[in-house]
Amino acid sequence: MAFVVKVPLNSRYSACKQRNNLLNPTFSELKVGKWGTRLNITAPIDRRFLVAIASNQVQSVEVAPTVEPKNVGIPIMVNGCTGKMGRSMLEAAISAWLNPVPVALGDRRKVLEFGGKLIEVYGPTDKESIISSALKDYPDLIVVDYTVPAAVNGNVELYCKYGVPFVLGTTGGDTELLYKTVDDSKVYAVISPQMGKQVVAFLAAMEIMAEQFPGAFSGYNLLVVESHQAGKLDISGTAKDVISCFQKLGVSFELEQVCFLQTHHCINMFFCLHLQDARI
């Protein structure tokens with residue numbers, strides 16, 4: 001039979017890891033007696049540990065940490081975390097051991113709790129000072145933005161001004177100005193109204209088709225029906241991008257023609273396209 005001794009791990013192990021090979025401790029004494037084998041193992045740090053032994057030749061040492069590991073993940077600021085998408089993003093970040101910073105931007109001042117972390121949300125008047133101070137505390141900060149359409153361009157100008165890389169999932173605003181602001185600043189950014197890879201692939205295929213076959217659907221009528229939760233403020237970016245592609249393909253359609261349904265019971269977006277030859 002063999003005994004396992006748990007050795008407490010303190011913070012000095014990490015600091016001494018390169019200098020002292022703790023995974024290969026020195027066997028300073030080996031005695032074999034009638035009761036079995038006895039080992040004295042000296043670890044090259046101030047504290048001493050005795051690992052004791054067995055009546056056979058099998059020894060096992062298990063290192064047991066006594067302190068919870070610190071969260072050293074990528075620092076992210078989730079702006080718009082009071083909304084459904086922002087809240088889901090923040091919860092996912094915590095689950096993935098990222099490091100959500102304790103401040104965020106929103107529509108007004110409030111304090112929220114996510115997974116045991118307190119996030120203080122600030123309104124539009126404080127946004128520049130919050131970004132500036134957060135960057136000082138977290139130089140590697142990345143921003144994820146799920147705010148509101150009216151705030152998109154102003155927020156992006158702010159991120160670019162301070163050189164903060166960001167992911168923008170918010171739709172709306174002046175798209176051309178948005179792209180120009182990012183291009184001029186050379187800031188790294190991901191701008192997409194849709195984060196599902198299948199839908200992103202579909203949109204990419206639509207853009208290729210619109211570029212290579214302009215006017216191919218000229219003379220067709222288009223019907224777009226979209227359903228969202230009641231809190232959704234505008235037509236989805238997915239719908240806008242698809243409609244834009246069909247316009248390039250020759251379909252006469254405006255955003256005002258979208259049938260936009262809102263319901264308290266809707267969990268996922270429902271998006272329906274119907275094409276019909278106008279001559280039929």
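How are H4 and H5 oriented relative to each other? The tour returns to this pair below, after a view of the whole chain in this predicted model.

**The whole chain**

Display the chain as a cartoon, coloured by secondary structure. The chain holds seven helices and 15 strands. Of its 280 residues, 33% count as buried. Among the contacts with a separation of 6 or more, residues 24 or more positions apart account for 60%.

**H4 and H5**

Select residues 152-162 for helix H4 and residues 175-185 for helix H5. The axes of H4 and H5 come within 10 Å and cross at roughly 0 degrees. The two helices are therefore roughly parallel to each other, since angles under 35 degrees count as such. Now show the side chains of the contact: H4 contributes Val152, Asn153, Val156, Glu157 and Cys160, and H5 contributes Leu177, Leu178, Thr181, Val182 and Ser185. By class, the residues of this contact divide into six nonpolar, three polar and one charged.

Remain on H4 and select Asn155, which lies in this helix. Asn155 has a relative accessible area of 4% and is therefore buried, the cut-off being under 20%. Leaving aside residues up to four places away in sequence, Asn155 touches Lys127, Asp145 and Thr147.

**The five-stranded sheet**

Next, select the strands of the open sheet with the order S6-S5-S10-S11-S12, in which the pairing is parallel. Its edges are strand S6 (99-100) and strand S12 (189-191), each of which pairs on one side only. Within the sheet, S10 and strand S11 (residues 166-168) run parallel and are joined by three bridges. To locate this pairing, select Val144, which stands opposite Val167 in S11.

Add the helices that cover this sheet. Helix H2 lies across strand S5 (75-79), S6 and S10, and runs at about 165 degrees to S5. H5, already seen beside H4, packs on the sheet as well, where it touches S11 and S12; the direction of H5 makes about 165 degrees with that of S12.

**Leu141**

Select Leu141, found in the loop between H3 and strand S10 (142-145). Is Leu141 buried or exposed? With a relative accessible area of 1%, Leu141 falls under the 20% cut-off and is therefore buried. Show its surroundings: beyond residues up to four places away in sequence, Leu141 touches Pro75, Ile76, Met77, Val101, Ala134, Leu135, Val164 and Pro165. A distance label can be placed between the C-alpha atoms of Leu141 and Phe166, which are separated by 8.9 Å although these residues are 25 apart along the chain.

**The three-stranded sheet**

Move to the open sheet of three strands, ordered S7-S9-S8, with mixed pairing. Strand S7 (103-105) and strand S8 (110-114) form the edges, each pairing on one side only. From one strand to the next, the twist averages 35 degrees.

Select S7 together with strand S9 (residues 117-122): these two pair in the parallel sense over three bridges. Val103 has Glu120 of S9 as its bridge partner. Helix H2 (residues 84-95) also packs on this sheet, touching S8 and S9, and its direction makes about 45 degrees with that of S8. Helix H3 (residues 127-137) lies across S7 and S9, running at about 145 degrees to S7.

Turn next to S8 and S9, which pair in the antiparallel sense over five bridges. Select Leu112 to find its bridge partner in S9, Ile119. The hairpin of S8 and S9 has two residues between the strands, and here Gly115 takes a positive phi near 55 degrees.

**Helix H7**

Finally, select residues 237-248, which form helix H7. This helix of 12 residues reaches 17 Å from its first C-alpha to its last, close to the 16 Å expected at 1.5 Å a residue. Which residues of H7 are buried? They are Gly237, Thr238, Ala239, Val242, Ile243, Cys245 and Phe246. When viewing such a set, recall that an α-helix has 3.6 residues a turn, so residues three or four places apart point the same way. The last stop is Gly250, just after H7, which takes a positive phi of about 105 degrees.

Notes. Residues numbered from 1 in each chain as written. Predicted model: local features only at pLDDT ≥ 70, side-chain atom pairs only at ≥ 80, totals over all residues. Heavy atoms only, no water. Helix = DSSP H or I, 4+ residues; strand = E, 2+ residues; numbered from the N terminus. Buried < 20%, exposed > 50% of the residue type's maximum accessible area, 1.4 Å probe, protein only. Contact = heavy atoms within 4.5 Å. Pairing = 2+ DSSP bridges. Axes fitted to C-alpha atoms, helices over the stretch in contact; angles between N-to-C directions. Expected span 1.5 Å × (residues − 1). Parallel < 35°, antiparallel > 145°, perpendicular 65-115°, else oblique. Nonpolar A, V, L, I, M, F, W, Y, C, P; charged D, E, K, R; others polar.
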